[in-house]
Amino acid sequence: MTLAELKRGQNAIITDVSSKKIPLKLLEMGCLPGNSVELVQVAPFSDPMYLNINGTHLAIRKETAIHILIETNDA
Amino acid sequence: MPKQINVALIGNPNTGKTSVFNALTGLNQKVGNYPGITVEKKEGVCKLPRGVKAHIIDLPGTYSLNASSLDESVVIELLLNKNDKDYPDVAVVITDVENLKRNLLIYTQIKDLEIPTILVINMSDRMAYKGISLDIEKLEAHLDTKIALISTRKKQGVDNLKDLISNYQNLSIEPCLSTQDIDIDYFKGLKKAFPNQSLYKLWLVITQDVNFGKISRNTIKDTSSFKTKKDSDLKRLQQKETIKRYQFINNVLKEGQTIDLKTAKDLRIKLDRILTHKVWGYLIFGIILLTIFQAIYDWSSVPMDFIDNAFASLSDWTKNTLPAGAFTNLLAEGIISGLGGIVIFIPQIAFLFLFIAVLEESGYMSRVVFLMDRIMRRFGLSGKSVVPLISGTACAIPAIMATRNIESWKERLITILVTPFTTCSARLPVYLIIISLVIPEGRFFGLSYQALTLMLLYLIGFGAAVGSAWILNKILKIKSRKFFVVEMPNYKLPLFKNVALTVLEKTKSFIFGAGKIILAISIVLWFLASYGPGTEFNNAEEIVTEQYASNNLSQIELEQKNSLS
């Protein structure tokens with residue numbers, strides 16, 4: 001599944017990041033395969049998304065989140 | 001040894017870089033501009049032990065040397081240009097103890113440029129609170145540098161940092177990572193083509209889209225012994241490089257850092273549950289905005305009235321004391337009232353920058369960006385456009401400068417173009433005069449018509465800004481990367497020194513920037529008022545009345561004529 005489908009308060013592990021679509025800056029802020037991600041809060045219409053990636057708190061838009069693949073811990 | 005050491009402060013945003021800069025330089029700082037671009041350049045002087053002086057430059061906050069905005073390019077351009085007069089003898093990389101892992105990424109990059117680098121771990125007062133303990137000796141050994149553990153809030157460790165700066169020549173300049181490991185074949189070819197250059201520097205020149213002065217990208221492309229790569233391949237290599245750097249950092253931190261999550265506390269989650277809430281978040285933001293407007297237009301009227309009266313009496317005193325003549329008039333009505341016209345804005349501007357500085361320092365501004373992004377996007381703006389639109393109510397110039405962290409060029413351009421529509425404080429006196437002339441006194445549900453009109457003017461200004469943004473978004477055909485990422489920093493109690501210096505500096509730049517023009521114009525106005533149509537125009541009614549009286553018109557007819565005119 002993609003990061004855009006994550007529910008508020010849920011945890012997951014990033015499995016793949018489409019390097020063509022994702023800006024380098026996001027990778028440098030810790031958005032790399034293997035790192036954990038938690039959805040802390042969403043704005044109305046669940047966009048943008050407030051994430052905790054490996055201890056770094058940041059917000060990205062949904063259009064970016066669909067290019068990040070994740071695996072939830074319970075799945 | 002040079003008489004003056006050039007020091008560059010580098011670091012991620014929200015690491016307290018400015019606090020370190022303020023702690024080192026105090027009031028010995030000046031803010032200018034990088035030539036040709038609207039990026040602030042902060043420089044200062046710091047006295048080191050043994051009479052050495054350090055020239056300190058506070059570079060814009062950046063997450064890495066891979067630039068994605070103008071202010072980040074400034075950092076790379078300086079670090080790659082040894083001939084720049086500001087080229088650092090020593091780089092000081094500032095990190096936040098809570099985000100050490102991410103903050104160290106840029107440290108490894110600077111180190112690989114073979115510049116002597118000191119590592120500052122800031123906010124050490126938060127370590128106990130977050131359950132973090134550090135083994136400084138091990139970290140120094142693995143990172144191959146000297147570390148200054150400091151807390152600008154508690155004023156600890158700054159002297160140690162000054163000592164390290166003055167002894168910068170003892171620092172190692174060995175790189176952290178071997179650039180060649182990213183892709184052995186590719187970098188071997190590069191090394192063969194340019195044997196005298198540092199590999200990492202070459203790599204930056206290839207990947208970064210900035211102006212490098214003498215080394216141009218073409219020389220690299222033209223060399224036949226070396227094959228260039230496609231952009232997508234380069235990006236893949238950059239990703240590989242980032243992963244390699246994080247592997248290195250993880251290994252270092254495994255040795256030198258322990259975090260006890262049991263003792264760690266987190267206020268952020270509780271605050272964010274309310275401050276970024278779908279309902280409460282917007283409500284609180286609305287209340288904060290109302291408070292700001294209340295402060296600017298109500299609370300600041302007390303000092304403004306005082307300033308107004310003071311300058312009026314000074315002008316009267318000058319007129320009465322000095323011998324009458326053109327020069328006294330110029331002084332009393334041109335210069336003094338012109339100065340008064342500048343000084344009177346100080347309370348409003350100071351109030352506004354006070355609020356903006358507190359909101360930014362505390363970390364709340366990022367939450368506003370988060371809350372507003374979706375709404376602003378409909379008009380072709382970004383959540384980050386909110387900050388310029390708010391500070392535009394004080395003055396459009398710093399507001400436009402504040403747009404520089406908007407990543408998408410199109411959103412940034414639209415924000416710059418529409419920000420001047422917001423009602424800035426210099427327009428306020430004009431509005432007030434027009435309102436008091438045109439709008440009758442009276443109340444509507446306890447609110448005065450005049451106050452409502454003023455509010456309406458503000459709303460029209462904001463509406464014009466957003467409306468024209470919407471139109472521009474439809475018209476402008478700029479293809480730009482659509483991309484938005486904003487860090488949500490920890491909430492912090494703003495440091496008094498940082499807030500005070502921001503307010504002081506912004507107010508000063510208003511007085512000396514806009515003030516010059518206001519003063520010049522008020523002298524021109526004085527000239528026109530004194531030597532223009534002048535008295536005859538002012539006393540038009542009396543003159544006309546006299547003329548009519550001499551024509552033997554009756555009093556009643558006179559009044560009729562007057563009321564018609």
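Q: Among contacts in chain A between residues at least 6 apart in sequence, what share join residues at least 24 apart?
A: Let's start with chain A of this predicted model. Take the contacts between residues at least 6 apart in sequence and ask which of them join residues at least 24 apart. In chain A that share is 52%.

Q: In what order do the helices and strands of chain A run from the N terminus on?
A: There are two helices and five strands to place in chain A. Reading from the N terminus on, the order of these elements is β-α-β-β-β-α-β.

Q: What is the radius of gyration of chain A, and why does it agree with a compact globule?
A: The C-alpha atoms of chain A fit a box of roughly 25 × 25 × 20 Å along the principal axes. Of its 75 residues, 45% are buried. A compact globule with 75 residues would have a radius of gyration near 11 Å, so chain A agrees with that expectation at 11 Å.

Q: Which peptide bond of chain A, with omega near -5°, is cis?
A: Have a look at the loop between S2 and strand S3 (49–53) of chain A, where Pro48(A) is found. The bond leading into Pro48(A) has omega near -5°, and it is cis. The bond in question runs from Asp47(A) to Pro48(A).

Q: How many residues of chain B are in contact with chain A, and which elements of chain A each supply at least two residues of the side that touches chain B?
A: The contact takes 27 residues from chain A and 30 residues from chain B. By class, the chain A side divides into 15 nonpolar, seven polar and five charged residues. The elements of chain A that each supply at least two residues of this side are helix H1 (24–28), strand S2 (36–42) and strand S4 (56–60).

Q: In chain B, what share of the contacts between residues at least 6 apart in sequence join residues at least 24 apart?
A: Chain B holds 25 helices and 12 strands. Of its 565 residues, 33% count as buried. For contacts between residues at least 6 apart in sequence, the share joining residues at least 24 apart is 73%.

Q: How far apart do the C-alpha centres of domain 1 and domain 2 of chain B lie?
A: The domain assignment of chain B places domain 1 at 1–265 and domain 2 at 283–526. Their contact takes 16 residues from domain 1 of chain B and 13 residues from domain 2 of chain B. From one C-alpha centre to the other, the separation is 36 Å.

Q: Which helix gives the most to the side of domain 1 of chain B that touches domain 2 of chain B?
A: Two helices of chain B, H1 (17–25) and H2 (70–80), each supply at least two residues of this side. The residues of the side comprise four nonpolar, eight polar and four charged. The helix that gives the most, with three residues, is H1(B).

Q: Are H1(B) and H22(B) roughly parallel or roughly perpendicular?
A: The axes of H1(B) and helix H22 (residues 496–531) of chain B come within 10 Å and cross at roughly 80°. Thr18(B), Ser19(B) and Asn22(B) of H1(B) make the contact with Lys497(B), Asn498(B) and Leu501(B) of H22(B). By class, this contact has one nonpolar, four polar and one charged residues. Angles from 65 to 115 degrees fall in one category, so H1(B) is roughly perpendicular to H22(B).

Q: Does Asn14(B) count as buried or exposed, and why?
A: Asn14(B) sits in the loop between strand S1 (4–11) and H1 of chain B. Its phi is near 65°, a positive value in a residue other than glycine. Because Asn14(B) has 20 C-beta neighbours inside 10 Å, it counts as buried.

Q: Is Asp144(B) buried or partly exposed?
A: You will find Asp144(B) in the loop between helix H5 (136–143) and strand S8 (146–149) of chain B. Although it is not a glycine, Asp144(B) has a positive phi of about 60°. With 15 other C-beta atoms within 10 Å, Asp144(B) is partly exposed.

Q: What distance separates the C-alpha atoms of Ser73(B) and Ile390(B)?
A: Ser73(B) belongs to helix H2 of chain B, and with 20 C-beta neighbours inside 10 Å it counts as buried. Along the chain, Ser73(B) and Ile390(B) are 317 residues apart. Their C-alpha atoms are separated by 27 Å.

Methods
Residues numbered from 1 in each chain as written. Chains lettered and ligands numbered in written order. Predicted model: local features only at pLDDT ≥ 70, side-chain atom pairs only at ≥ 80, totals over all residues. Domains from an automatic or database assignment. Contact = placed C-beta atoms within 7 Å. Helix = DSSP H or I, 4+ residues; strand = E, 2+ residues; numbered from the N terminus. Nonpolar A, V, L, I, M, F, W, Y, C, P; charged D, E, K, R; others polar. Rg over C-alpha atoms; globule rule 2.2 N^0.38 Å. Buried ≥ 20, exposed ≤ 12 C-beta atoms within 10 Å, placed from the backbone. Axes fitted to C-alpha atoms, helices over the stretch in contact; angles between N-to-C directions. Parallel < 35°, antiparallel > 145°, perpendicular 65-115°, else oblique.
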